[in-house]
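The following exchange examines the grounds on which structural terms are applied to a model. Each answer sets a value against the criterion in use.

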Amino acid sequence: MKNLKLRRQGKGKTRLALEGGSPVRPKEEFLVFGAPQICEEEITEVVQCLRSGWIGTGPRAHQFENDFAAYKGKRHAMAVHSCTAALHLSMLATGVRSGDEVITTPMTFCATVNSIIHCGATPVLVDCDRETMNISPAQIEEKITAKTKAILVVHFAGRSCDMDPILDLARSYDLMVIEDCAHAIETQYKGRKAGTDGDMGCFSFYITKNMTTGEGGMVITDDDRTANRIKMLALHGMNKDAWKRFSDAGYRHYEVAFAGFKYNMMDLQASLGLHQLRRVEENWLRRAEIWKRYNESFAHLPCILPAAPEPDTRHAYHLYTPLIDIDHIGKSRDWVLDALTAEGIGVGVHYIPVHLHPFYRKTFRWHKGDFPNSEWIGARTISLPISPALSEKDVQDVITAFDKVLRAASG
Ligand SMILES: Cc1ncc(COP(=O)(O)O)c(C=O)c1O
């Protein structure tokens with residue numbers, strides 16, 4: 001792996017907080033992983049929404065949908081309660097049902113796989129590439145069967161999957177492509193925006209994501225029928241949303257065309273989203289800066305830095321995930337997690353691969369060893385804070401703590 005840096009520099013001179021030394025940040029200043037950036041404009045909008053008499057799905061949610069569709073250059077954007085809901089509805093709108101198979105990656109959050117299972121279909125995993133951590137296009141074709149209905153790609157950490165070979169396969173085998181863009185709001189591939197290549201793109205506005213509505217998600221598509229189906233699926237299968245029923249245009253009756261779900265986004269959530277979206281590019285620049293600082297500061301440490309973005313792509317810099325060189329430092333990744341936490345730095349793990357969780361092992365008879373690249377990453381990966389809410393001091397504290405912990409680990 002090209003970024004492997006094993007050059008160790010001296011022993012840690014400072015005692016770790018884990019061993020009774022003083023932490024980089026005291027307990028009361030613990031740096032929360034993925035803390036959102038909330039500004040005055042969101043606060044004002046939320047208050048105005050609360051005072052407006054309408055906090056449910058209404059004008060603000062519709063405005064947010066229009067703004068998001070414009071940002072992505074798509075005909076339709078449907079705001080929902082989470083990316084999990086967006087994925088579930090996309091699967092249903094694709095026509096995925098019992099007996100079908102959907103190909104995806106083990107290097108993802110459980111929601112990706114659950115959205116397939118909730119349609120009664122079977123997830124079929126294809127291992128990821130060690131360097132990009134994305135589904136390996138070269139291994140997809142051998143997993144395609146007569147039952148395969150769709151490929152559900154995940155742009156891990158904000159790095160685009162290699163979409164061209166995936167789209168070629170989908171065309172050859174007549175498969176739908178859904179993009180899990182939970183990490184990839186700002187991602188681009190050969191000038192194309194993430195979520196616009198597939199039949200549908202699904203986004204997350206969970207608190208730790210690049211923009212947040214507290215909980216929230218979005219589906220984008222160019223297809224009018226799909227958009228209409230998703231809107232109805234998201235609201236009980238009804239043909240009118242509440243704003244249309246209760247607005248000053250007068251009460252309107254609704255009809256239920258099928259049994260749908262309750263996945264709609266509220267105006268209260270959209271009040272945050274409207275302003276978060278306006279800052280999304282500026283915040284992307286800030287995360288790019290932090291990413292660069294981390295890369296420069298960690299180059300000498302016993303860890304493998306994230307690979308550089310591929311040419312002609314734009315990384316969203318959602319997660320900064322160095323791999324701890326556990327083969328040389330005599331400590332486990334979990335020890336590093338504990339040591340950083342003790343130093344006052346919040347951390348994450350993205351991910352323990354899906355196939356190793358007990359439910360999936362039991363249900364699909366997946367075993368340790370089935371997806372070696374995902375397991376290799378899963379044993380080493382650690383996510384450091386990279387939110388735009390970080391101050392210069394926060395960034396410096398992360399650098400100091402990671403340096404201190406990894407030096408001590410390799411000493
Ligand atoms: C890759 C991926 N897919 C889907 C989801 C689900 O997103 P949400 O929490 O908005 O349902 C997440 C959330 O962490 C995710 O990381």
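**Core, sheet and burial in a predicted model**

In this predicted model, the largest nonpolar core has 116 residues, and those that touch the most other members are Val-80, Ala-86, Leu-89, Ile-151, Met-218, Val-219 and Val-405. Helix H14 (residues 392-410) supplies the largest share of this core, eight residues. At least three residues come from each of domain 1 (4-30 + 281-347 + 382-410) and domain 2 (40-278).

Q: What makes Met-218 a residue in contact with others, and which residues does Met-218 touch?
A: Contact requires C-beta atoms within 7 Å. Leaving aside residues up to four places away in sequence, Met-218 touches Phe-68, Ala-77, Met-78, Ala-79, Val-80, Ala-86 and Phe-203.

Q: Why does Gly-195 count as buried?
A: The criterion is 20 or more other C-beta atoms within 10 Å. Gly-195 has 26 C-beta neighbours inside 10 Å, and therefore counts as buried. Gly-195 is placed in the loop between strand E8 (192-193) and strand E9 (200-204).

Q: Which residues does Gly-195 touch, not counting those up to four places away in sequence?
A: They are Lys-72, Glu-179, Cys-181, Gly-201, Phe-203 and Ile-220. In addition, a C-alpha separation of 8.7 Å is found between Gly-195 and Val-219, which are 24 residues apart along the chain.

Q: Why are strand E2 (76-80) and strand E4 (122-125) said to stand at the edges of the sheet?
A: The open sheet has seven strands in the order E2-E10-E9-E6-E5-E3-E4, with mixed pairing. E2 and E4 each have a single partner strand, so one side of each is left without a neighbour in the sheet. From one strand to the next, the twist averages 25 degrees.

Q: How do you know that strand E3 (residues 101-104) and strand E5 (residues 148-154) pair?
A: Pairing requires at least two bridges. Three bridges join E3 to E5, and these strands run parallel. One bridge links Glu-101 to Thr-148 in E5.

Q: What does helix H2 (residues 59-72) touch on the sheet, and what does helix H4 (residues 110-117) lie across?
A: H2 touches E2 and strand E10 (217-221), and its direction makes about 135 degrees with that of E2. H4 lies across E3, E4, E5 and strand E6 (176-180), running at about 170 degrees to E3.

Q: Which residues of helix H6 (residues 224-233) are buried, and what covers them?
A: The buried residues are Ala-227, Arg-229, Ile-230, Lys-231, Met-232 and Leu-233. Their cover includes E2, helix H3 (83-94) and E10.

Key
Residues numbered from 1 in each chain as written. Predicted model: local features only at pLDDT ≥ 70, side-chain atom pairs only at ≥ 80, totals over all residues. Core = buried A, V, L, I, M, F, W, Y, C linked by C-beta atoms within 7 Å. Buried ≥ 20, exposed ≤ 12 C-beta atoms within 10 Å, placed from the backbone. Helix = DSSP H or I, 4+ residues; strand = E, 2+ residues; numbered from the N terminus. Domains from an automatic or database assignment. Contact = placed C-beta atoms within 7 Å. Axes fitted to C-alpha atoms, helices over the stretch in contact; angles between N-to-C directions.
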